[in-house]
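Me: Pick one part of this model and go through it closely for me, please. I'd like one connected walk-through rather than a list.

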Amino acid sequence: MRVTVLYSPAPREAMEWTLDLPAGATVRQAIEASGLAQARPAFDWGAAGAGIWGRRADADQRLRDGDRVEVYRPLAVDPKVARRERFRRQGARSAGLFARRQGRGPGG
């Protein structure tokens, strides 16, 4: 069966491997066969999450032909903390769904 393993070490940068694996192979086996550990030896694979076509997957989940395994890097900043900090810097009037945007007239 043919699967693709993807990893993005940084924004706008992607590493991709297309692999031929035996039927019944798992997410873990696909990542190991890809050579990602050799390409990024400092990366903590135990802390990294993985998914299939954008949905979280366990390391022992079996793959199907044509699956795309995505290895996720840890978040640099917790999204909740980032949102609070943005709100604190911008203030209540300039943040949120109904905030007025500069340079936009009626209907625009």
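Reply: Let's start in the middle of the sheet, with Tyr-7, whose bridge partner in E2 is Met-15. Tyr-7 also has a bridge partner in E5, namely Val-71. A quick note on terms: helices (H or I, at least four residues) and strands (E, at least two) are DSSP runs, numbered from the N terminus, and two strands pair if DSSP finds at least two bridges between them.

Before going further, keep in mind that this is a predicted model: local features need a pLDDT of at least 70, side-chain atom pairs count only at pLDDT 80 or more, and totals for chains, interfaces and linings use all residues. Residues are numbered from 1 along each chain as its sequence is written, and side-chain values use heavy atoms, with hydrogens and water left out.

Now for the strand that holds Tyr-7. Strand E1 covers residues 2–10 and pairs with E5 in the parallel sense over four bridges. With E2, E1 runs antiparallel, joined by seven bridges. Strands of a sheet pair through backbone hydrogen bonds, either parallel or antiparallel.

On the other side of E5 you'll find E3. Strand E3 (residues 49–52) runs antiparallel to strand E5 (residues 68–72), with four bridges joining them. Val-71 turns up again here, standing opposite Ala-50, while Ile-52 faces Val-69 in E5. Put the strands together and you get an open sheet of five, in the order E2-E1-E5-E3-E4, with mixed pairing. The edges are strand E2 (13–20) and strand E4 (55–56), each pairing on one side only.

The loops around these strands have a couple of odd backbone spots. Arg-12 lies in the loop between E1 and E2, a hairpin with two residues between the strands. Arg-12 takes a positive phi of about 60 degrees even though it's not a glycine. With a relative accessible area of 85%, Arg-12 is exposed (buried means under 20% relative accessible area, exposed over 50%, partly exposed in between, with a 1.4 Å probe and protein chains only). Trp-53 does something along those lines in the loop between E3 and E4: its phi is positive, about 50 degrees, and it isn't a glycine either.

Beyond E2, follow the chain to Thr-26, in the loop between E2 and helix H1 (27–34). Thr-26 counts as buried, at 10% relative accessibility. Leaving aside neighbours within four places in sequence, Thr-26 is in contact (heavy atoms within 4.5 Å) with Ala-59, Asp-60, Gln-61, Arg-62 and Leu-63.

Stepping back to the whole chain, there are three helices and five strands, following the pattern β-β-α-α-β-β-β-α along the sequence. Of the 108 residues, 29% count as buried. Among contacts with a separation of 6 or more, 48% link residues 24 or more positions apart.

How far does the predictor trust this? The chain averages a pLDDT (the predictor's confidence in each residue, from 0 to 100) of 82, and 81% of the residues score at least 70. Confidence is highest in E5, at 93, and lowest in helix H3 (residues 79–90), at a mean of 79.
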